[in-house]
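Here is a friendly walk through the empty spaces, the aromatic contacts and the annotated membrane segments of one protein chain. Keep the structure open beside the text as you read.

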Amino acid sequence: MAGSSIDTAGPADAGRVGPGGAAVGYRPSATLPFAAEFRRQASRRRTQLALGFMVLLPLIILTAFQFESGGDDDNGRNEFGSLVELATSGGLNFALFSIFVSASFLLVVVVALFCGDTVASEASWGSLRYLLAVPVPRSRLLAVKLLVALAYSALALLLLAGTALLAGTLRYGWEPLRSQVAAELAPTDGLLRLLAVLGYLAVVLLVVAGLAFLLSVTTDAALGAVGGAVLLWILSSILDQITALGGLRNFLPTHYSTAWLGLLSTPVQTDDVVRGAISAVSYATLFWGLAFWRFTRKDVTS
């Protein structure tokens, strides 16, 4: 499971120490390969359910649109109704709508699940100390688990957008991208804008990934790590709505979470996108640094 880390060594090598201070024949870089951990996480039910739901959600939305009543005047008079009308005007628009309704909560939960469950679940099962006894260096174990969690988070985002784009195009056709903040964009330009939106969302969600990962190495309760990250994100979103905080809101991790809308405007508005990316990377780096610092110094007894 953790991969081989011991090379063949003769009796004469017993007790000898290599240049790095490790026993002769021991290679820390060979322990817990990325591919092995990726396959291991793929076999878990929560991974399968989370990724499966990312594929299922656009299909559910598409099916729900088929029940739309043409005589529902109330639906057409509100803002959400206009978004629905845009969503059914082409595959790109349907994909954008699916991302819009998922970005503020669903994607946050999925990323928190992948990054908050990865270490805490090992501790709750009692298998974490056995991984370290292989021996897998603590920093390598944490790095591999973080990379795998980020890979699955990115895969979830791509599955959601890809399924929505494919299903929407098959149902509504390959039409120009339309939004309430921009002029109509040709399908090729619209696809590029959609990819830019996905890229920015991926960067913003690094904050959730960092926070959930930090909580994951702090507690043995996976649910606490996942739920704690989601609740803190929601709290930041609530505080961001309080105008009395003034300029302090600029330092909240969620303040620029919707700046991706500027990527759809004409012309493109990138000022808040740049600020949001810098803020997200800074918070994520801080949280990951604290996670490594905490894990490399804690007593692992579970």
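A pocket, as the word is used here, is an open set of grid points with protein on both sides within 12 Å along at least five of seven lines, whereas a cavity is a set of points where a 1.4 Å probe fits but cannot get out. With that in hand, the largest pocket of this predicted model has a volume of about 320 Å³.

**The largest pocket**

Which residues lie nearest the centre of the largest pocket? They are Ala103, Ser104, Ser237, Ser257 and Thr258, out of 19 residues that line the pocket. Helices H5, H9 and H10 (222–240) each supply at least two lining residues, and H10 gives the largest share, with 4 residues. By class, this lining has 11 nonpolar, 7 polar and 1 charged residues.

**The closed cavities**

The structure also holds 3 cavities of 30 Å³ or more. The table sets out the largest and the second largest of them, together with the largest pocket.

| Space | Volume | Lining by class |
|---|---|---|
| Largest pocket | about 320 Å³ | 11 nonpolar, 7 polar, 1 charged residues |
| Largest cavity | about 50 Å³ | 7 nonpolar, 5 polar, no charged residues |
| Second largest cavity | about 40 Å³ | 4 nonpolar, 2 polar, 1 charged residues |

Around the largest cavity you will find Tyr200, Val204, Val207, Leu252, Pro253, Thr254, His255, Tyr256, Ser257, Gly276, Ser279 and Ala280. Helix H9 (187–218) and helix H11 (271–295) are the elements that give two or more residues to this lining. Ser257 is worth a second look: this residue is part of the lining of the largest cavity and is also among the residues nearest the centre of the largest pocket.

The second largest cavity is lined by Gln41, Arg46, Phe114, Thr118, Val148, Ala149 and Tyr152. Here the elements with two or more lining residues are helix H6 (106–125) and H8, and the largest share, 3 residues, comes from H8.

**Aromatic contacts**

Two of the residues that line the second largest cavity, Phe114 and Tyr152, turn up again in an aromatic cluster, which they form with Phe34 and Phe38.

Counting rings whose centres lie within 6.5 Å, there are 8 aromatic pairs. One of them joins Phe94 and Tyr172 in a tilted arrangement, 6.1 Å centre to centre and with 50° between the planes. Phe94 lies in helix H5 (residues 91–103) and Tyr172 in helix H8 (residues 138–172), so this pair ties together parts that are 78 residues apart in sequence.

Are the two partners buried or exposed? Phe94 has a relative accessible area of 0% and is buried. Tyr172, at 15% relative accessibility, counts as buried too, because the cut-off for that label is under 20%.

A ring also meets a charge in this model: the charged end of Arg138 sits over the ring of Phe295, 5.8 Å from its centre.

**Annotated membrane segments**

An unreviewed UniProt entry places the feature "transmembrane region" at residues 49–67, 94–120, 141–170, 190–214, 221–239 and 273–293. How does the model look over such stretches? Over residues 49–67 the chain is 89% helix and 0% strand, with the end C-alpha atoms 26 Å apart. Residues 273–293 are 100% helix and 0% strand, and there the end C-alpha atoms are 30 Å apart.

Conventions
Residues are numbered from 1 along each chain as its sequence is written. This is a predicted model: local features need pLDDT of at least 70, side-chain atom pairs count only at pLDDT 80 or more; totals for chains, interfaces and linings use all residues. Side-chain values use heavy atoms; hydrogens and water are left out. Rings of Phe, Tyr and Trp (its six-membered ring) pair if their centres lie within 6.5 Å; planes under 30 degrees apart count as stacked, over 60 as edge-to-face and the rest as tilted. Buried means under 20% relative accessible area, exposed over 50%, partly exposed in between (1.4 Å probe, protein chains only). A charge sits over a ring if NZ of Lys or CZ of Arg is within 6 Å of the ring centre and within 35 degrees of the ring normal. Grid points are joined across faces, edges and corners, and a volume is the space filled by probe spheres set on the points. Ala, Val, Leu, Ile, Met, Phe, Trp, Tyr, Cys and Pro count as nonpolar, Asp, Glu, Lys and Arg as charged, and the others, Gly among them, as polar. UniProt positions are given in the numbering used here, feature names are shortened, and annotations may be inferred rather than shown by experiment.
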